[in-house]
Amino acid sequence: MMGSTSLVEWDPTPLNELQLKLRGIQKAILLQDQTNHALELEIKALDILKEASSPGSTIRDTASVSTEAVGETEAEDETGGTLTQTEKYGSFLSLLQTDPSYLSRFLSKLAPNEVDSLLDVVVFSLFPNPYDSREEHLLLSVLQNGLSPHFMASEDTAHLLRANTTVSRILTTYSRRAPGKSYLQTTLSKLIALIVSNGDLDLEINPLKLESDLVAESPIVTNGQASGDESGDERSGRSVGVEMRSRSSSASSKRSFMFMKNDRSSDTSSTRFKKSGSDLIEERVKVLADIVRSFLDILILEIDQVPYGLRFLCKEIRTLVKQKSPDATDAIVASHIGGFFMLRYLNPALVTSEECLIGKAKPTDTTKRTLTLVAKVLQNLANKTTSIKEDYMTPLFPFIEAHKERVAQFFLELSNVPDFDNIFELEQSLAQDLELSISVDHIYTLHKVAVDHLDVIAPSTDDRLRALVEELGPLPAEPKTSQLVTIATSALPIWSASADGKAYSAIRRNFFGILQRISFSVADVMNATGKIDLHKLAQLAVDKQTDDSVLASLGTSVLVQLEDLPAKSESLDKLAANVTKDLEGLEMMLTKFKMDAARLENVLAAESMHEKELKSRLSEYGSAASTTSHPKSVWSFLRLGALNLKSSK
């Protein structure tokens, strides 16, 4: 019933307390994530230094140039005066955050080679906190609107996901946010544990890579003599043959286990060795299939551990594929989702596992090769093709065919998540005292993109973004510093641009403010028809003036606004329904905040544990890892992002 509610009592105190607790946990996670990131960079730097100390490479000490390269100063304003316009930039950044249409237009208009720098700024600076659901939902709205034009304009939507396109770059950049990295760490650790539990077995099945090892390890019988009894000429001839075959990249896999015969070789020994190689591959294929099967079990069983944002993008891919091609089958839809989740997210992490497992035990070369083979199997499972490109993967074809349907169902289930529209409005309205820490060079990037493309993204002369950009004035000189600044931003409620008009939107916002501050029995504000009486609720707020002057002021304002509301009867009914909806939404947010707090406490605990793992790894470097005695070149690496290595050859 419009305007009625099942609530009996309302007290906003638990909601407000939980909101404060959540902010504290979110800030703690951000600080912990920054600490861990610094430790990871430190480990990378020390790893590179360790490798570079080997013969053949020397390190050029970059400490002498690091200050110039980074532009370090003591709080100097390197932005040509832009820092004096903090409030103007606050309005500019707030609009980009809260109205996804602008950034979406950027992403749909820029060429792939132009979009990377903007994506990094948007994904990691403009929306820096992936554990703040409001920020996360705002970012997902930007990406959602940015993906749609590309799908609608494409003749081959699968190409968008599998090639190096703006779409694939959007998805890949988003997947690098902290929750996506954390999921990969946990998942890869379990997969590597599966491999290592089997004794870190060598599961190479490419005959061209196996051949030299097999030849070296297998005794060869020729004319009744073991290989150890061969003459020097025979050993020399056979050794040359092995070297030629191991280096050949064009040999047929069907001939890869064949010895290069000389006149003294027997057909019998060749046949016996060929069979031995086939047996070895068959055994390894079985073990590899078992590992992939077990890994699939983990992925499917723990599907709820996949971060919501990644699943939402899978959902969006599904929606866009069906919009573009209504007759697309589930298999085609699943293949598109697999093009993102497997090709762009999971498999790159498998192949470059060290990037995701910094601080944990480093995989051996054998384990890394096994991970690459697992990635190849998974990608073939994700593809809708009926053939395998690499001949040596053919023995796994029956396994792949047998599990394709299972993997397709996993992809479809990944996309089965609810929208966030029902809480988005409330998140926006609950947000207050917002600040954004962002580097001045990233502010410059956003300003420059807006100036360069203003006629495309804000063509109307009365567009709000155009007005703000013009108010900022000419684009300043590009800053030479990455200095962080903190800027106050605002959260504009969704209904601020309501079609019902400014007066209606203003009164609804005031009622929302009352609900955030007042406790009451719902029966005390009901009318005879069982609906919320807005006048009673406003008067109740006024009566609280001795306890809360802000609440009383809101009540007084609302009483005046109710008298001025146009089309009084119809508008009152609609407003009562929306206020009731907001009240029930706040009750729902209380439940959500409780769940979020429990989840984020677990995230914080995991991040803290990761810090201990990283510090343990650093301790292996001894005094070289001490924060008080690092080589200058390590800190240069941390500043510049890379070491300058010069060959000594």
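At 6% relative accessibility, F410 falls under the 20% cut-off and therefore counts as buried. In this predicted model, F410 forms an edge-to-face aromatic pair with F341, with 5.9 Å centre to centre and 70° between the planes. The pair links distant parts of the chain, since F341 belongs to helix α14 and F410 to helix α17 (residues 397-414), 69 residues apart. F341 has a relative accessibility of 0% and so is likewise assigned to the buried class. Both residues take part in one aromatic cluster, whose other members are Y183, Y345 and F411. The count of aromatic pairs comes to six.

The largest nonpolar core comprises 106 residues, and F92, L378, F411 and L446 have the most contacts inside it. Helix α14 (residues 330-351) gives the most to this core, contributing 10 residues. Because residues are supplied both by domain 1 (85-158 + 432-494) and by domain 2 (181-211 + 275-430), the core lies between the two domains. In soluble globular proteins, nonpolar side chains tend to be buried together. With neighbours within four places in sequence set aside, L378 is in contact with V292, F295, L296, M342, L346, N347 and L350. A second core, separate from this one, holds 43 residues, including W10, L18, I514 and A541.

Strand pairing was examined for β3 and β4. Strand β3 (residues 434-439) pairs with β4 in the antiparallel sense, over six bridges. Within this pairing, V485 of β4 is the bridge partner of I438. Side chains alternate along β4 (residues 484-489): the face to which V485, I487 and T489 point is the buried one, whereas L484, T486 and A488 point to the other face and are not buried.

Model confidence was considered alongside these features. The protein chain has an average pLDDT of 76, and 73% of its residues score at least 70. Among its elements, the highest mean pLDDT, 95, belongs to helix α13 (residues 308-324), and the lowest, 28, to helix α2 (residues 63-70). In residues 493-499, pLDDT stays under 50, and the model has 16 contacts beyond four places in sequence for this segment. Residues 623-649 also stay under 50, with 60 such contacts in the model. Where pLDDT is low, the predicted coordinates should not be read in detail.

Technical notes. Residues numbered from 1 in each chain as written. Predicted model: local features only at pLDDT ≥ 70, side-chain atom pairs only at ≥ 80, totals over all residues. Heavy atoms only, no water. Core = buried A, V, L, I, M, F, W, Y, C linked by side-chain atoms within 4.5 Å. Buried < 20%, exposed > 50% of the residue type's maximum accessible area, 1.4 Å probe, protein only. Helix = DSSP H or I, 4+ residues; strand = E, 2+ residues; numbered from the N terminus. Domains from an automatic or database assignment. Contact = heavy atoms within 4.5 Å. Pairing = 2+ DSSP bridges. pLDDT = per-residue confidence, 0-100. Phe/Tyr/Trp six-rings, centres within 6.5 Å; stacked < 30°, edge-to-face > 60°.
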